Amino acid sequence: MGFKYTVVADTLAFLGYDLNENPREILQAVKSAGYDGIDIAGDREKIQSEEVRQIADSLELEIPEVLGAWAYYHSGENRDLAGGDAEARSRGIQYAKDSIELAVEVGAQFFEVCAAQPPIPQIPFPNQSIKTLRSNFLEALKEICGYAEERNIEILFEPLNCYEGYPGVLTTLYEATNLIRDLGYVNTGIQPDVFHMNISEGSVPDALREAGTLIKHFHMNETNRY
């Protein structure tokens, strides 16, 4: 099976290159650098989805994934799907639905979901039990996965490290595998990120082997995220 290589728009944003402001320039640079595509950020209000898709198509670039902006520093609002704030969970579910629609618009196959910490991180111990956090997360995911299934979009779970995600909910590939089992939806998979795995996993290779074919997409970057 051949592998395809994509660049992540969020990583480019760390370096000052905003896809939403200069889509043609950035997509041309991605193509010139030899990549097969680009993963875009889930911000339906800012991105010109039709323009981005037209430019990507003209360059023969794929858009495999829409990345969810779940952390407060990405989103500017609380979209916590696991915590005790019902309004934040509802906001997060609606954001996911909007991002799934964006995925449809740009021709993406995947939308990424994680269990990010709330605006004021609850470290090292969350305010609620792991059981409650996981139950809240599962209920939100059922609605999100069902919505995505109707639109032929796959939901990928990205485990975050224990400083950015709720511990015990979705910080390891093992926990992602259990979520998929408990949800029972076929339009699900895992998107590992070695930046987070380097912190949370006992063994990166062993975790990848164990997750196996549940891995649908994969993010690699240095520990400085460059």
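A crossing of two helices is right-handed if the near helix is turned clockwise from the far one by less than a right angle. With that in hand, welcome to this predicted model, in which helix 6 passes helix 7 in just such a right-handed crossing. Helix 6 also supplies the largest share of the largest nonpolar core, nine residues. Beyond the helix pair and the core, a cis peptide bond at Ile123 to Pro124 and positive phi values at Glu60 and Asn152 deserve a visit.

**Helix 6 and helix 7**

- Two packed helices are described by the angle between their axes and the distance between the axes.
- Here the partners are helix 6, residues 130-149, and helix 7, residues 173-183, and their axes come within 11 Å of each other.
- The axes cross at roughly 60 degrees, and the two helices are therefore oblique to each other.
- On the helix 6 side, the contact is made by Arg134, Phe137, Leu138, Leu141, Lys142 and Cys145.
- Facing them from helix 7 are Asn178, Leu179, Asp182 and Leu183.
- By character, the residues of this contact comprise six nonpolar, three charged and one polar.

**The nonpolar core**

- In soluble globular proteins, nonpolar side chains tend to be buried together.
- The largest nonpolar core in this model has 60 residues.
- Ile38, Phe111, Phe137 and Phe157 have the most contacts inside this core.
- Nine of the core residues come from helix 6, the largest share.
- Phe137 is a handy residue to display, as one of the core residues with the most contacts and also one of the helix 6 residues that meet helix 7.
- Leaving aside residues up to four places away in sequence, Ile38 touches Thr6, Val7, Ala9, Leu12, Leu19, Leu27 and Val30, as well as Glu62, Ile63 and Pro64.

**Backbone spots in the loops**

- The peptide bond from Ile123 to Pro124 is cis, with its omega near 0 degrees.
- Look for Pro124 in the loop that runs between strand 4 (110-113) and helix 6.
- Glu60 is not a glycine, although its phi is positive, at about 60 degrees.
- Glu60 sits in the loop between helix 3 (49-58) and strand 3 (65-67).
- Its relative accessibility is 67%, so Glu60 counts as exposed, the cut-off being over 50%.
- Asn152 is another residue other than glycine with a positive phi, near 60 degrees.
- The loop holding Asn152 lies between helix 6 and strand 5 (154-157).
- Asn152 counts as exposed because its relative accessibility is 68%.

Conventions. Residues are numbered from 1 along each chain as its sequence is written. This is a predicted model: local features need pLDDT of at least 70, side-chain atom pairs count only at pLDDT 80 or more; totals for chains, interfaces and linings use all residues. Side-chain values use heavy atoms; hydrogens and water are left out. Axes are lines fitted to C-alpha atoms, for helices over the stretch in contact, and angles run from 0 to 180 degrees between N-to-C directions. Helices (H or I, at least four residues) and strands (E, at least two) are DSSP runs, numbered from the N terminus. Angles under 35 degrees count as roughly parallel, over 145 as roughly antiparallel, 65 to 115 as roughly perpendicular and the rest as oblique. Contact means heavy atoms within 4.5 Å. Ala, Val, Leu, Ile, Met, Phe, Trp, Tyr, Cys and Pro count as nonpolar, Asp, Glu, Lys and Arg as charged, and the others, Gly among them, as polar. A nonpolar core is a set of buried Ala, Val, Leu, Ile, Met, Phe, Trp, Tyr and Cys residues joined through side-chain atoms within 4.5 Å. Buried means under 20% relative accessible area, exposed over 50%, partly exposed in between (1.4 Å probe, protein chains only).
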